[in-house]
Amino acid sequence: MDNAGSVGSVDIAKIEREAAEFGSKFRRVKEEIRKVIVGNEPIIDGVLTCLMASGHALLEGVPGLGKTLLVKTLSQAVDLKFSRIQFTPDLMPADISGTNILLETPVGGKQFQFQPGPVFANVVLADEINRATPKTQSAMLEAMQEHSVTVAGVRHAMQQPFLVLATQNPIEMEGTYPLPEAQMDRFLFKLLVPSPTFEELSAIVDRTTGGAVESIQPVIEGGEILSMRQLAREVPIASHVREFAVKIVLATHPDRELATDHVKRFVRFGSSPRGAQAIVVAAKIRALLEGRYNVAFEDISTVAKPALRHRILLNFEGEAEGISTDTIIDGLLSRVQDETRVKVTV
Amino acid sequence: MTPDLTLHHKLNEAARRIRLLLVLQWTGRTLLAAALACLVWLIAGKLGWLEGPSELSTGIVLGIAVGLGIVFGLVHKVTRMDVARLTDGRTDFKERLASAVEFERDNTADPLVHRQLQDTNARAVDLDLRRAYPLRATRQMIAAIVVTLCLFLAFLLPTFTIFWPRAKKQEIAEVKKQAADMQKVIRISEKTADQQKLGSSKQAAKEANKMLEAMKRSNTTKKAAMIQLSKMAKQLEQQQQKMAAANAPGQKSLQKASEEIKKALDQKQQAIEAADKAKKDAAKAAGKDGKKPGDKSHENKDGKTGEKQNAKAGESKQSQAMEQAQQALQKFAQALADQNAAKQNEALQQLADQMEKGQMSPKEMQSLQQQLQQLAQALKGTHLDKTSQQVKQMAEAMRQLKLDPETLKKLAKMMRGAGEQCKGSGKTQLDAKTLAEILQAIKDGKMKLAAGSGAGIPIPLPGMAQGKGKGKGTNGMGQPTKPLKGEVAGTPKATAIGKNGGLSVDSRVSKEFMKYAAMGHKDSKYKPNTQVQGVRNNNVTELQMNYKGDPDSQYSSGTPLFQPNGQPRRGVESAINKENIPAAYRRQVKEYFESINPNR
């Protein structure tokens with residue numbers, strides 16, 4: 001078992017240490033955020049997972065649930081540069097990516113100088129992203145995917161880590177521009193921010209209407225996040241677990257064998273391969289957080305919903321019936337679990 | 001145990017437990033299927049749709065099912081990965097084991113993989129496989145056991161007397177009663193065999209008693225009892241044949257010898273009576289002529305007539321010794337007919353005593369000598385052949401030697417020796433007789449069982465033509481034509497005698513009995529003791545016997561025509577004594593039964 005020539009006990013000890021640090025740092029950031037944010041633990045976990053997975057998150061919830069506060073607090077806790085973009089219908093792409101401006105040189109000449117836009121931050125809050133025009137949204141798209149923007153033919157790279165946390169309001173959809181599927185696909189997770197419970201609201205009221213103000217201390221820095229990202233990606237996944245994740249993504253397509261009746265009836269398009277990537281990366285992070293060195297079915301099942309809910313396109317009947325993608329994902333999860341179960345039953 | 005090996009050990013243990021559970025699972029399935037099939041088969045059998053299963057076939061089917069289940073369980077494919085994944089699922093190991101199995105196979109240098117393997121091994125130490133794979137009966141197994149139990153009860157419960165139908169209980173009670181009755185008879189023979197030390201009979205009685213005892217104790221059906229009795233009867237018959245073969249084959253029967261002796265004695269008696277009558281006539285004639293007794297004037301010149309007359313007178317008058325001797329010979333003849341060796345010996349001893357006394361006249365001695373010759377001749381060819389030779393020697397000696405007291409003593413001694421000889425060979429006779437009694441008891445018992453309770457074999461009446469019976473609904477004997485419940489048709493009660501003395505058409509006497517009846521008829525081609533082929537009537541009461549041909553004196557079968565058991569015999573005797581038989585036919589009826597009497 002131990003290939004002594006290639007893997008020494010030192011390497012294994014280092015890995016063990018790094019894995020332990022991963023978990024502890026993650027928990028520290030989370031604890032720091034929870035000083036300000038009440039409840040919403042899955043949302044915090046999801047956002048942090050996106051951070052560790054080099055992905056972006058779309059937060060959907062009614063106004064006033066603390067989505068913006070969450071992002072701001074996150075940026076404080078991880079000591080990263082934060083910027084906020086309020087998307088409005090008149091927002092232009094250059095307002096996001098930046099533009100070249102004409103400046104006088106000291107010698108009296110004129111030259112163009114690139115002025116980076118708000119997207120050039122580590123943590124970008126794209127508030128109410130569905131209010132901007134598709135043109136503006138696509139500017140965001142390039143930045144999210146390429147981690148760079150091209151202005152006047154010059155490519156400008158983003159700083160790493162780069163995380164876009166977009167928000168959208170599920171109500172007041174009139175006069176908005178729903179995000180195109182291509183852009184939706186670039187978000188690792190779509191997180192649904194729920195309304196607070198009684199206890200949570202009580203706590204919120206206590207914290208926000210009192211005199212005391214919690215200060216957030218930076219817990220980790222950008223370089224640590226990059227190493228954590230690297231470690232997370234190295235977590236091994238067994239073939240049968242990987243197959244499970246792949247089958248889930250394939251089951252979202254109505255023309256596939258594994259598709260459930262609901263999928264066949266209500267889904268127009270299923271998830272792209274990015275969905276499988278999102279599931280696997282997120283599951284690895286989750287495994288590491290639980291102190292495991294392998295991905296489990298449970299990890300896959302847990303991250304499947306946030307990873308796939310925005311990638312499944314319902315048909316007219318599905319929308320008319322009010323079917324939620326979460327329901328569809330639940331159905332196909334149980335179907336795929338049955339399919340991948342061990343054939344031997346005792 | 002090193003951490004590296006823990007995983008292997010645990011997976012091996014898990015594999016064993018999984019295999020065992022698979023065996024239990026498959027066995028439950030196959031056993032349930034087989035048990036259900038057998039139950040359906042049993043129900044179909046009870047409903048008469050097809051022949052139901054026996055205990056043995058059910059056991060075999062269930063056994064095969066269990067075997068198949070075990071085989072299926074053992075050959076069911078279970079890979080190491082399957083074991084790991086199953087164990088992960090049951091122990092909340094979160095795919096650690098399955099991942100470890102795969103990573104180990106890949107043998108990668110990734111430190112994270114190695115850490116994963118280390119971590120899995122460390123956790124595997126605390127893996128409780130007994131809890132993960134508890135050995136418990138599956139639902140199918142429980143259902144299979146329940147159904148098998150139902151099958152078992154379906155076979156077992158009918159053996160309990162409480163569940164038997166009334167008819168079966170009665171049948172078994174009848175068998176037990178019959179066994180007890182047969183035992184009573186056989187015990188008598190056994191006692192005789194014990195007292196007389198008769199080896200074959202004793203052994204036969206012992207075996208018969210053992211069989212009957214078992215029959216009394218167990219719940220034997222009529223059919224099974226009859227089979228056992230038939231086997232026993234066959235065994236005894238074979239034993240009989242061996243005994244007969246051991247004695248000189250082709251022997252003359254003692255019956256015949258007895259008849260010859262009696263005939264000779266009768267002739268002698270007739271001669272004496274004739275002489276006596278002649279004497280009386282002569283005396284009468286002498287009285288008419290006025291002659292006095294002792295007057296010799298009637299004598300002729302040579303006195304021959306008188307001598308002749310005197311000779312006749314002397315012949316007629318026997319001495320007491322001679323009378324005793326004659327009685328002894330009669331007794332001997334009867335003892336021969338009765339096959340009573342003790343009495344044969346006794347008779348000869350008595351004869352020896354008379355001879356030794358020397359009180360017989362020379363003429364009487366001469367007459368006795370002739371009788372002894374006849375006796376020897378009669379005994380020749382029987383199993384008392386040695387006695388015959390001895391008597392013949394004696395007779396020869398009596399003829400040749402002077403009969404002085406010394407000689408008479410010697411002759412008496414020879415006679416006594418002959419008596420002892422009879423007694424000795426009588427043991428063999430007694431053994432054969434006792435064995436025949438035991439065999440007869442077995443056969444009687446078997447016939448009684450076959451006939452059913454209270455039934456007997458009908459007795460056909462000879463010389464009776466078929467005709468309508470007297471009275472409406474009754475036969476000629478005043479009995480109802482239909483047999484009573486439990487009674488065999490054609491029993492004496494149901495036998496009819498018609499108006500013209502013939503058997504009623506409605507009497508239900510089988511055709512074969514008509515044949516038997518015809519045997520007693522003077523014009524019948526069958527003689528008494530002929531064995532003819534019979535057929536069973538509807539009530540299965542007649543024995544089937546094979547025809548051997550008309551017997552003549554050389555091949556006396558000695559087998560009764562049929563063997564009525566006690567009840568119909570008594571019924572017949574009672575019927576004979578009743579006034580139901582017309583007076584004109586009573587003698588015929590009596591002659592018929594005497595002709596078929598085996599003890600005639």
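## Helix α11 against α12 in chain A

Helices α11(A) and α12(A) cross in a right-handed sense (clockwise turn of the near helix from the far one by less than a right angle; anticlockwise would be left-handed). The model is predicted, so local features need pLDDT of at least 70 and side-chain atom pairs count only at pLDDT 80 or more, while totals for chains, interfaces and linings use all residues. Residues are numbered from 1 along each chain as its sequence is written, chains are lettered from A and ligands numbered from 1 in the order in which they are written, and side-chain values use heavy atoms, with hydrogens and water left out.

Now the geometry: the axis of α11 (residues 273-289 of chain A) comes within 8 Å of that of α12 (residues 297-308 of chain A), and the two cross at roughly 130 degrees. That angle makes α11(A) oblique to α12(A) (under 35 degrees is roughly parallel, over 145 roughly antiparallel, 65 to 115 roughly perpendicular, and the rest oblique). Axes here are lines fitted to C-alpha atoms, for helices over the stretch in contact, and angles run from 0 to 180 degrees between N-to-C directions.

Who touches whom? On the α11(A) side it's G275(A), A278(A), I279(A), A282(A), A283(A), R286(A) and A287(A); on the α12(A) side, E298(A), D299(A), I300(A), T302(A), V303(A), A304(A), A307(A) and L308(A). Contact means heavy atoms within 4.5 Å. The tally for this contact is 10 nonpolar, 2 polar and 3 charged residues (nonpolar: Ala, Val, Leu, Ile, Met, Phe, Trp, Tyr, Cys and Pro; charged: Asp, Glu, Lys and Arg; polar: the others, Gly among them).

## D299(A), a charged residue in that contact

D299(A) sits in helix α12 of chain A. Is D299(A) buried or exposed? D299(A) is buried, at a relative accessible area of 0% (buried is under 20%, exposed over 50%, partly exposed in between, with a 1.4 Å probe and protein chains only).

Skipping neighbours within four places in sequence, D299(A) is in contact with A283(A), R286(A), A287(A), R292(A) and N294(A). A283(A), R286(A) and A287(A) also turn up on the α11(A) side of the helix contact.

## The other partner of α11: helix α9

Helix α9 (residues 239-251 of chain A) also packs on α11(A): their axes come within 9 Å and cross at roughly 145 degrees. That crossing is right-handed too. A245(A), I248(A) and V249(A) from α9(A) meet G275(A), A276(A), I279(A) and V280(A) from α11(A). The split is 6 nonpolar, 1 polar and no charged. G275(A) and I279(A) take part in both contacts of α11(A).

I248(A) has another link worth a look: its C-alpha is 8.9 Å from that of R335(A), 87 residues away along the chain. R335(A) belongs to helix α14 (residues 325-340) of chain A and is partly exposed, with a relative accessible area of 29%. Beyond its neighbours within four places, R335(A) is in contact with E257(A), L258(A), A259(A) and T260(A).

## The two chains overall

Chain A has 14 helices and 11 strands (DSSP runs numbered from the N terminus: H or I of at least four residues for helices, E of at least two for strands). Of its 346 residues, 51% are buried, and 74% of its contacts with a separation of 6 or more involve residues 24 or more positions apart.

Chain B has 20 helices and 0 strands. Its 600 residues are 40% buried, and 72% of its contacts between residues at least 6 apart join residues at least 24 apart.
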